[in-house]
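Student: Hello! I am new to this structure and would like a close look at its cysteines, and then a short tour of what else stands out. Could you walk me through it?

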Amino acid sequence: MNLKFCILFSFFVRNVIARGGYRSTSLSSAADLGFENESYAGSGRHLIEENQSHHPRTDIARGYMTNSELERAVKEFGRRCSHISRIYSIGESVRGFPLWVIEISDKPGQEEPEPAFKFIGNVHGDEPVGRELLLLLANWICDNYKRDPLVDLIVDKVHLHILPSMNPDGFSFRRRGNANKVDLNRDFPDQFFPWNNNEDARQPETKAIMSWLREMRFTASASLHGGALVANYPWDASLDKRKNYYACPDDGTFRFLASIYSKSHYNMSLSKEFEGGITNGAAWYPVYGGMQDWNYIYGGCFELTLEISDNKWPNAKELPTIWEYNKMSMLNLVASLVKTGVHGRVFSSDSGRPLPGLITIKGINYTVKTSGTLADYHRLLVPGERYEVMATVPGYKSKATHIWLEKEEATNVDFILDPEVSSDGTLLRSICDCGRKSRLLSIGYFWGTHFEVYLVLIVVLAFLCFLLTRRIKSNLLKQRSPPKRSVLTV
């Protein structure tokens with residue numbers, strides 16, 4: 001009997017604490033959220049986490065990088081792989097530790113009409129496997145660039161951003177929350193319950209992520225967690241606060257992305273607990289204030305929550321095996337951004353300049369924005385289906401086209417929009433103007449893409465100027481020369 005109880009209890013713990021309990025606020029308790037079963041809703045998970053924090057294992061971090069070692073590893077990577085990377089910080093933790101990011105691209109730091117992907121590790125301080133795997137991923141890409149076609153595709157066609165640790169303070173304390181004991185994956189604005197919509201009240205790590213997405217446009221993303229083995233996708237919660245499947249507008253696309261990770265994994269897709277190794281978040285258990293849903297709603301970014309290890313903090317000796325199990329999943333997920341979906345740019349027919357606007361798919365209630373400077377878009381979709389794609393820019397006539405999205409092959413569609421004409425015959429200009437800075441950047445982009453043509457024209461013009469100058473000088477000399485005198489001889 002005792003043995004059966006222990007097995008059932010361990011199974012319950014593993015399934016309910018993977019994404020964790022609710023942070024302690026006046027509005028986040030199970031009763032305030034309206035859950036009928038409080039032990040399911042969060043109090044049980046919260047008690048388990050608290051009990052663990054009172055009895056820390058002194059050897060739990062042995063073999064894992066400390067925060068200082070992680071910082072040195074990131075900077076060393078930047079020096080060793082400077083030809084395809086840059087290192088930058090998006091902010092600091094509560095205790096002032098920089099949130100370092102590695103960008104990997106053939107043109108790091110430059111804006112290109114390419115999709116961007118971000119990995120975020122160590123969202124919860126006591127789930128450190130992700131920070132280790134992300135450094136291994138970065139170094140593996142660096143070592144195999146120009147040797148592996150999949151790596152070449154990622155480096156040349158994607159801007160990959162890696163944040164190994166979102167919660168370095170929690171890692172130092174060996175606990176889930178940050179230095180203020182706040183669960184960062186409950187600290188984002190929520191679509192159902194606005195208990196944490198005051199941005200000033202959010203944690204610095206949360207605000208850093210939100211500012212990051214305002215400055216940079218990401219097509220897709222994934223955060224790495226521990227405590228289960230499954231690829232989780234939106235929605236993470238529902239309005240009725242019950243444990244039911246709650247689909248977002250892009251449910252099919254998210255299932256497709258989650259399946260890419262699961263099927264590329266050594267054994268995730270073989271799960272007996274989660275069919276195909278994937279799950280809808282709300283169907284697993286509701287999470288409010290999570291980063292995943294916020295990315296999709298407010299950031300225009302398709303984010304997955306990846307549970308990559310049954311053990312939240314496994315022995316460091318297991319890390320090489322966990323890395324091998326997840327390596328192809330991580331690579332294939334990033335590569336999917338350019339292997340499928342519809343991509344392109346939007347231009348004005350009268351000036352040829354890029355037009356920042358909106359891309360919609362008929363039948364899917366979700367809008368993707370183009371970039372502000374180059375007006376490029378990257379719309380992820382389920383392959384093997386037909387879609388109607390529409391580009392809309394204020395002041396211009398919208399255009400739509402039908403595409404058939406092949407499997408393992410992306411489709412490129414550029415839109416050239418005509419300005420709308422008012423009743424008096426004047427052109428209606430877009431209120432969605434890039435501004436002078438964007439136009440200058442666009443000119444710089446076109447100059448860079450047609451550099452060889454411009455160079456030839458410059459050489460030809462210089463040569464013609466040289467010939468013209470010589471001709472003018474020659475004529476001037478003839479005019480200044482004294483006339484020849486004739487000599488009369490007698």
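Student: Let me begin with a single residue: is Cys-301 buried or exposed, and what is its relative accessible area?

Tutor: Happy to help, and please keep in mind that this is a predicted model. Cys-301 has a relative accessible area of 0%, so this residue is buried. Cys-248 counts as buried too, because its relative accessibility is 5% and the cut-off for buried is under 20%.

Now let us turn to the cysteines that are bonded. A disulfide is a covalent bond between the sulfur atoms of two cysteines. The count for this model comes to 1 disulfide. Its two partners are Cys-81 and Cys-142, with sulfur atoms 2.0 Å apart. The torsion about their S-S bond is about -105°, so this disulfide is left-handed. Where do the two partners sit in the chain? Cys-81 is in the loop between helix H4 (67–80) and strand E1 (85–92), while Cys-142 belongs to helix H5 (residues 129–144), so the bond ties together parts that are 61 residues apart in sequence. Both Cys-81 and Cys-142 are buried.

With the cysteines covered, here are some spots in the backbone. Pro-234 and Trp-235 are joined by a cis peptide bond, with omega about -5°. You will find Trp-235 in the loop between strand E6 (228–233) and helix H9 (251–264). Lys-181 is not a glycine, yet its phi is positive, at about 60°. This lysine lies in the loop between helix H7 (168–173) and helix H8 (204–215), and at 64% relative accessibility Lys-181 counts as exposed. Glu-408, also not a glycine, has a positive phi of about 60°. Its place is the loop between E14 and strand E15 (411–412), and with a relative accessibility of 62%, Glu-408 counts as exposed.

Strand E14 brings us to a sheet. Here 4 strands make an open sheet in the order E11-E10-E13-E14, with antiparallel pairing. At the edges stand strand E11 (364–369) and strand E14 (399–405); each has a single partner strand, so one side of each is left without a neighbour in the sheet. On average, neighbouring strands of this sheet are turned by 25° against each other, direction ignored. For a closer view of one pairing, follow strand E13 (residues 385–392), which runs antiparallel to E14 and is joined to that strand by 7 bridges. One place to look is Met-390, whose bridge partner in E14 is Ala-400.

Notes
Residues numbered from 1 in each chain as written. Predicted model: local features only at pLDDT ≥ 70, side-chain atom pairs only at ≥ 80, totals over all residues. Heavy atoms only, no water. Pairing = 2+ DSSP bridges. Helix = DSSP H or I, 4+ residues; strand = E, 2+ residues; numbered from the N terminus. Axes fitted to C-alpha atoms, helices over the stretch in contact; angles between N-to-C directions. Disulfide = S-S within 2.5 Å. Buried < 20%, exposed > 50% of the residue type's maximum accessible area, 1.4 Å probe, protein only.
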